[in-house]
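Here is a colleague's note, written to be read beside the sequence and the coordinates. Please keep both open while going through the points.

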There are 4 protein chains.
Amino acid sequence: MSTIKEELYEIIFEADTKIGKIFDVSLLVIIILSILLVVLESVPSIERDYHSLLKISEWVITAIFSLEYLLRIGIVKKPKAYIFSFYGIIDFLSILPSYLGLIMAGAHGFMVIRALRLLRIFRILKLNRYTKEGAIIIRALRDSRIKISVFLFAVLTMVIIIGTIMYLVEGGENGFTSIPRGIYWAIVTLTTVGYGDISPATSLGQFFASVVMIIGYAIIAVPTGIVTAELTKLSSKPTSTQVCSNCMAEDHLENAVYCYKCGKKLN
Amino acid sequence: MSTIKEELYEIIFEADTKIGKIFDVSLLVIIILSILLVVLESVPSIERDYHSLLKISEWVITAIFSLEYLLRIGIVKKPKAYIFSFYGIIDFLSILPSYLGLIMAGAHGFMVIRALRLLRIFRILKLNRYTKEGAIIIRALRDSRIKISVFLFAVLTMVIIIGTIMYLVEGGENGFTSIPRGIYWAIVTLTTVGYGDISPATSLGQFFASVVMIIGYAIIAVPTGIVTAELTKLSSKPTSTQVCSNCMAEDHLENAVYCYKCGKKLN
Amino acid sequence: MSTIKEELYEIIFEADTKIGKIFDVSLLVIIILSILLVVLESVPSIERDYHSLLKISEWVITAIFSLEYLLRIGIVKKPKAYIFSFYGIIDFLSILPSYLGLIMAGAHGFMVIRALRLLRIFRILKLNRYTKEGAIIIRALRDSRIKISVFLFAVLTMVIIIGTIMYLVEGGENGFTSIPRGIYWAIVTLTTVGYGDISPATSLGQFFASVVMIIGYAIIAVPTGIVTAELTKLSSKPTSTQVCSNCMAEDHLENAVYCYKCGKKLN
Amino acid sequence: MSTIKEELYEIIFEADTKIGKIFDVSLLVIIILSILLVVLESVPSIERDYHSLLKISEWVITAIFSLEYLLRIGIVKKPKAYIFSFYGIIDFLSILPSYLGLIMAGAHGFMVIRALRLLRIFRILKLNRYTKEGAIIIRALRDSRIKISVFLFAVLTMVIIIGTIMYLVEGGENGFTSIPRGIYWAIVTLTTVGYGDISPATSLGQFFASVVMIIGYAIIAVPTGIVTAELTKLSSKPTSTQVCSNCMAEDHLENAVYCYKCGKKLN
């Protein structure tokens, strides 16, 4: 019995064996199908025409996910730890709404929670060769997180001041009915999204908006600059992954023969 | 006969001889004219006023392309390989719609297939001095294709989650009639295109949209950073890996013959 | 007495002591609350429903700020210098509108001046660990200020010429009622904001707009390039300028004690 | 007489003397004023209210520019070369419309030609300390001009194909009345301007537009990457400006003591 449990553990939680890989790919396909289902169900015309097909597919997927959920609980060493882990909760929320739908009629809002199934994908992707490249991007973003926070704080301050000024300059009749609306407009403008649902109508407002847009030019350059500088640093001079066996120093130069810190030969 | 065939081959498929170059430039001009024709034909007022001129030009160009197509089949060593190659199919699709128009009346949709003629340009450009620079751009994009795929996958996930939330928050009366529409809005916003055909109308929706736009700020920096880091790496003057045997100096210029530090000859 | 004054000075103006830090954080929270108050007051529905709550909060915050203002004047060595300093004026303008509201009824415009309270945040942030990273961004922007000025001047020139041409091409019936409007449109387009409140309607105008947008492509790359190049320069790990006296190796890490190449101690 | 002419030449054409600098700054101010005049005249309400003031200012400026134009012709060594030079023609076009207005009534279109006065600014700026930084930007753009051309050509091809597909998918009832319109929409979308004057209304069109926008993400990164890589190269590793006196080799390393090409000592 224990051997079957161990084998199942390897299949479901690891990806080293051939069956483990097949399991992961199948799960990936089912997750994508389940998401497609949620998305398609929200389209009125499709929901009307293919009602029974969607309903049946939903129950098939719920059955598979439920089985998988119970299997995971049965196999894992510490079931409680799994149930209350991030992925455990996501797994549970992926099947809950379908069962709730049986009890309460028309629980529309609950149905959309199923979109959280998407997050299940990240567990599978962990095991995948794309991870290394993704890790570089994430490391670049993490290394520059303080710079980006400072930048976002500065942008937030600017956006509040700009929004307040525009609220005063344009006033309610041109769509700037409150300061929050002005701030919304300022964000739409500074990020160069520019919906046009609110746009300045007075000459003074348009002049001021022009200044804001020109400033936005220099501003949009900053996050790009931060991330690029970080990525350039990470992807250019690759420091060796060696660790000095004597003093544990890291970040040696690629061509280093001796440790820069204690002088011992590296090996 | 064989020599004429060989000569024609050199003119049509190569660009080393003078006549070969003239052939290429002429073909380039005719291709551009043929594209212009397709574009202009789609404008109702031009189509009405210059109907016969456009029709005649179309048949002249079709005649030239047909002749060229037959010549290529006749000259090439393996006609079958050519016919079913990428460019062979493009060449065939460039002339097919005009002939089909004779048989079936008003085959409007087919006519636009002629726009594929544009792809013929790339064959000629292969031979051109701009290729080297283009190759650097393509290499930078190819080298960063895994990073970009990871990034696009992350964006796709975000866009589905954001679209679902906005569908719940705003609802159908503000244009968010289904999750696909919400996803469409999320893409329009995150890419800072911002048409404004769908835009949030509720306070909560506008607040959430602001958060999305601010996130989009950091996100748009990522592909730029990836491509820039790659281009910087490719275009930064590569210093030679030589070390002077006399003074151990490194970082010599690629074309260095003598050591910049001690003046000894490098080997 | 003098010791109390000195202690208070340390609490209010410095952030080295524990109480000093508590003071700073409390002030930060109050400033953010006071800003939130100004923002919420501008929303008609909130102002109507929570009128008295907002009024009371306003007076509590005004009282705290007034006390703090008087304390600062009493404690500081040169009161006059403080009062007429940048932050002294901001501090004064943060409380003035509330008192003016007592004398003059409905001084709406004055009320919004309170949004200047936001600037007070920067004094507190001076003392904060995020400053170093912010300083790098600011230094990058300052180092590239001449390049950015030249760029902005070039953009301004382009925008005037483009705006004038569009005024001539499109004319008043399509929204281009004057050259300033044309310039406003040119800025909206070149910065890729694209509200759509004014957009070309004639074929010639749309063709010209397309050219402007394509040019804008290359142009938006310039400020990003400037800031990125500067940030890359500033953030690239500066290798030490030391040379090993034994083997002449260069490019040692900043913190290197031993030569990475021959293992001798650096000096 | 000749000395006066020489002195005037130094004042008007050079900027080394004190009077020469005063002349340049005054001219700069007048040019900016003259541009402001053209811009303000185009605003209907201002033209109505300040008609006489604008008219008088126009004639004062025309008088100054005419005098300056005649002076330049009188002073310069080769008057003909000046008259038919780029700046000579600009100078002439700056004053022509005002005189033409005397002969032909209501020559509105001609009046706007005066906006070309703006180009006169560049002559003065030549002499200015901002030029060096501007030169770096221009050099970066010039060095990357082939890469940018290749990129623009690729964008143009994409835009034609995308525009044709959208014309087929959406059709005339949704604003895509012809292929040129489709191309216009494709440019508006790919450059992330997004006016929203034409936007896809069908599901297929919106799906396709989403793909285009996601592609646009990777595409907008390319010109930025090109210009940034170039600017980084120009602004980082500064190669020495030394030239080897023996073999004329350039681009030596900053710390080079011996020529890398012929081995002679640099000095």
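The numbered points below go from the overall fold to individual helices and residues.

1. Status and overall fold. The model under review is a predicted one, and the remarks here should be read with that in mind. Chain A contains twelve helices and zero strands, so that its pattern along the sequence is simply α-α-α-α-α-α-α-α-α-α-α-α. Of the 267 residues in chain A, 46% are buried, and among the contacts in this chain with a separation of 6 or more, 53% join residues 24 or more positions apart. The exposed surface of chain A comes to about 13,400 Å², of which carbon and sulfur atoms supply 68%.

2. Annotated spans against the model. An unreviewed UniProt entry lists residues 21-40, 52-70, 82-100, 106-125, 146-169 and 207-227 of chain A under "transmembrane region". For two of these spans the modelled geometry can be set beside the record: residues 82-100 of chain A are 89% helix and 0% strand, with end C-alpha atoms 22 Å apart, whereas residues 146-169 of chain A are 100% helix and 0% strand, with end C-alpha atoms 34 Å apart.

3. The largest nonpolar core. This core has 206 residues, and the members that touch the most others are Trp185(A), Trp185(B), Trp185(C) and Trp185(D). What does Trp185(B) touch, once residues up to four places away in sequence are not counted? Its partners in chain B are Ile162(B), Met166(B), Phe176(B), Ile198(B), Ser199(B), Pro200(B) and Ala209(B), and Tyr195(A) is touched as well.

4. Helix H4 of chain A. Helix H4 of chain A covers residues 51-75, and because 25 residues at 1.5 Å a residue should span 36 Å, the 36 Å between its end C-alpha atoms agrees with expectation. The buried residues of H4(A) include the nonpolar Leu54(A), Ile61(A), Phe65(A) and Ile75(A), and also Glu58(A), Glu68(A) and Arg72(A), together with Thr62(A), Ser66(A) and Tyr69(A).

5. Helix H6 in chains B and C. In chain B, helix H6 (residues 86-103) has 18 residues, which should span 26 Å at 1.5 Å a residue, and its end C-alpha atoms are indeed 26 Å apart. Even so, H6(B) bends by about 35° at Leu96(B), with a proline, Pro97(B), following within four residues. Pro97(B) is itself among the buried residues of H6(B), as are Tyr87(B), Asp91(B) and Ser94(B). In chain C, Tyr87(C) has its place in helix H6, and it counts as buried because its relative accessibility is 16%, under the 20% cut-off. Tyr87(C) lies 8.2 Å from Leu119(C), C-alpha to C-alpha, although 32 residues separate the two in sequence.

6. Helix H10 of chain B. Is Ile146(B) buried or partly exposed? Ile146(B), which lies in helix H10 (residues 145-170) of chain B, counts as partly exposed because its relative accessibility is 24%. The C-alpha atom of Ile146(B) is separated by 10 Å from that of Ile226(B), 80 residues apart along the chain.

7. Helix H11 and the loop after it. In chain C, helix H11 (residues 179-190) reaches 16 Å from its first C-alpha to its last, close to the 16 Å expected for its twelve residues. Ten of the twelve residues of H11(C) are buried, so this helix is largely enclosed by the rest of the structure; among them are Trp185(C), Tyr184(C) and Gly182(C). H11(C) is followed by Thr192(C), whose phi is positive, near 60°. Thr192(A) also has a positive phi of about 60° although it is not a glycine, and the description holds for Thr192(D), with a phi of about 60°. Most residues other than glycine have a negative phi. Thr192(A) sits in the loop between helix H11 (179-190) and helix H12 (203-235) of chain A, and Thr192(D) is found in the loop between H11 and H12 of chain D. Thr192(A) is buried, with a relative accessible area of 6%, and Thr192(D) is buried at 7%.

8. Helix H12 where chains meet. Thr228(D), placed in helix H12 (residues 203-235) of chain D, counts as buried because its relative accessibility is 1%. Leaving aside neighbours within four places in sequence, Thr228(D) is in contact with Thr228(B) and with Thr224(C), Gly225(C), Thr228(C) and Ala229(C).

Notes
Residues are numbered from 1 along each chain as its sequence is written. Chains are lettered from A and ligands numbered from 1 in the order in which they are written. This is a predicted model: local features need pLDDT of at least 70, side-chain atom pairs count only at pLDDT 80 or more; totals for chains, interfaces and linings use all residues. Side-chain values use heavy atoms; hydrogens and water are left out. UniProt positions are given in the numbering used here, feature names are shortened, and annotations may be inferred rather than shown by experiment. Helices (H or I, at least four residues) and strands (E, at least two) are DSSP runs, numbered from the N terminus. Buried means under 20% relative accessible area, exposed over 50%, partly exposed in between (1.4 Å probe, protein chains only). Contact means heavy atoms within 4.5 Å. Accessible areas come from the Shrake-Rupley method with a 1.4 Å probe; for residues, only the protein chains shown count as cover. A nonpolar core is a set of buried Ala, Val, Leu, Ile, Met, Phe, Trp, Tyr and Cys residues joined through side-chain atoms within 4.5 Å. The expected span of a helix is 1.5 Å times one less than its number of residues. The bend at a residue is the angle between axes fitted to the seven residues ending there and the seven starting there.
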